[in-house]
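Q: I've got a protein chain open on my screen and I don't know how to read it. Can you walk me through some features, one at a time?

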Amino acid sequence: MVKVGIIGATGYAGAELVRILLNHKEAQIEWFGSRSYIDENYADIYRNFFELVDADCLGDNMDELASRVDVIFTATPQGFLAGVLNEDILNKVKIIDLSADFRIKDVATYEKWYKIEHKSPQFIKEAVYGLCEINRDKVTTQTRLIANPGCYTTCSILTAYPLVKEGLIDPDTLIIDAKSGTSGAGRGAKTPNLFCEVNENMKAYGVASHRHTPEIEEQLGYAGNCQVTINFTPHLVPMNRGILATEYATLKRKPDGTLPTYEEVKAVYDKYYANEKFVRVLDKGSCPETKWVEGSNYVDINFVIDERTGRIIMMGALDNLVKGAAGQAVQNMNLLFGLPESEGLELVPCFP
């Protein structure tokens, strides 16, 4: 049995970790960490866990926690883990970090986009970027630190990855238009996230400045073995969960001057995802919808070739709290401990 500690258990991603791990056959939650609710009963904070969880919230003492569990999930704001991590902790316990502290390999890039100083850059090189579908071979039982990708990045990268990897598109023409439900902004009280601000409204934010941009560029750059520069524009939409990314790029023409056919592009997606349990490439003509993945660890992907413009429209949808956060973190945990990758994640999407 894998003993688990969660720091940030009272945030939305942390609560989703609790929900998933309660049904995991090989995991036992030993520590519900929260700065805001120390000594309060966890089920009093999230009443959906009434009679399912009987434990009080503890603090965020990583040194003590590292001696009590096998793996720590840090569902915390940027800067927390980097500020407390040390060699002694990593020698005792595995860590799966849901923040961005160790996702970006260049310290200067991280500090530029996140506007904070990185307190433990010595661990960045060691951290494995935990997007299982493209980095599975790097997540082993010897891995100590996982940088768990976020929701926008997971959806955006997986949607375009095969075509960048195989050179079917010009990556510098890539434009990503993404929509997110409000839970992606976290549980903290913020005026822009109030019901009256969000309901019956839709808005772009972080235009040309969103901090997930360099993470997407870096990972797609690895795929294409080149430097990638994208336009990424996120939008907030009035729903609880979900990410929908619509991506546009110029297709590279074949030597005879014609565009790749639907069958040729589909074959590339199948090459990478046909055996991936949690990536579903939809049938021709079917566009991904957030409702079809809600509450699950699935990513739904499809594409349309625009013959008129010579461009391809790629679409991806996922649940930002599951595959975009907690579900992916559990997927990584399973790999770290040699467990079946889908353990605890056999979640049928909810509808309606």
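Q: What radius of gyration does the protein chain have, and what would a compact globule have?
A: The radius of gyration is taken over C-alpha atoms, and the globule rule is 2.2 Å times the number of residues to the power 0.38. With 352 residues, that puts a compact globule near 20 Å, and the protein chain has 20 Å, so the two agree. Along its principal axes, the C-alpha trace spans about 65 × 45 × 40 Å. Keep in mind that this is a predicted model: local features need pLDDT of at least 70, side-chain atom pairs count only at pLDDT 80 or more, and totals for chains, interfaces and linings use all residues. Residues are numbered from 1 along each chain as its sequence is written, and side-chain values use heavy atoms, with hydrogens and water left out.

Q: How many helices and strands are there?
A: Helices (H or I, at least four residues) and strands (E, at least two) are DSSP runs, numbered from the N terminus. Here you get 12 helices and 13 strands.

Q: How do I read a sheet, and what is the strand order in the open one with six strands?
A: Strands of a sheet pair through backbone hydrogen bonds, either parallel or antiparallel. Two strands count as paired if DSSP finds at least two bridges between them. In this open sheet the order is E2-E1-E3-E4-E6-E5, with parallel pairing. Strand E2 (27–33) and strand E5 (128–129) are the edges, each pairing on one side only. Further in, four bridges join E1 (residues 2–7) to E3 (residues 71–74), running parallel. Ile7, for example, has Thr74 in E3 as its bridge partner.

Q: What share of the residues is buried?
A: Buried means under 20% relative accessible area, exposed over 50%, and partly exposed in between (1.4 Å probe, protein chains only). Of the 352 residues, 55% count as buried.

Q: Which backbone angles should catch my eye?
A: Most residues other than glycine have a negative phi, and most peptide bonds are trans. Now look at Asp39: it isn't a glycine, yet its phi is positive, about 75°. You'll find Asp39 in the loop between E2 and helix H2 (42–45).

Q: Is Asp39 buried or exposed?
A: Asp39 counts as exposed because its relative accessibility is 59%. Asn225 also has a positive phi, near 55°, and sits in the loop between helix H10 (213–224) and strand E9 (231–236). At 73% relative accessibility, Asn225 counts as exposed too.

Q: Where is the cis peptide bond?
A: It joins Phe351 and Pro352, with omega about 0°. Pro352 belongs to the segment after helix H12 (322–336).
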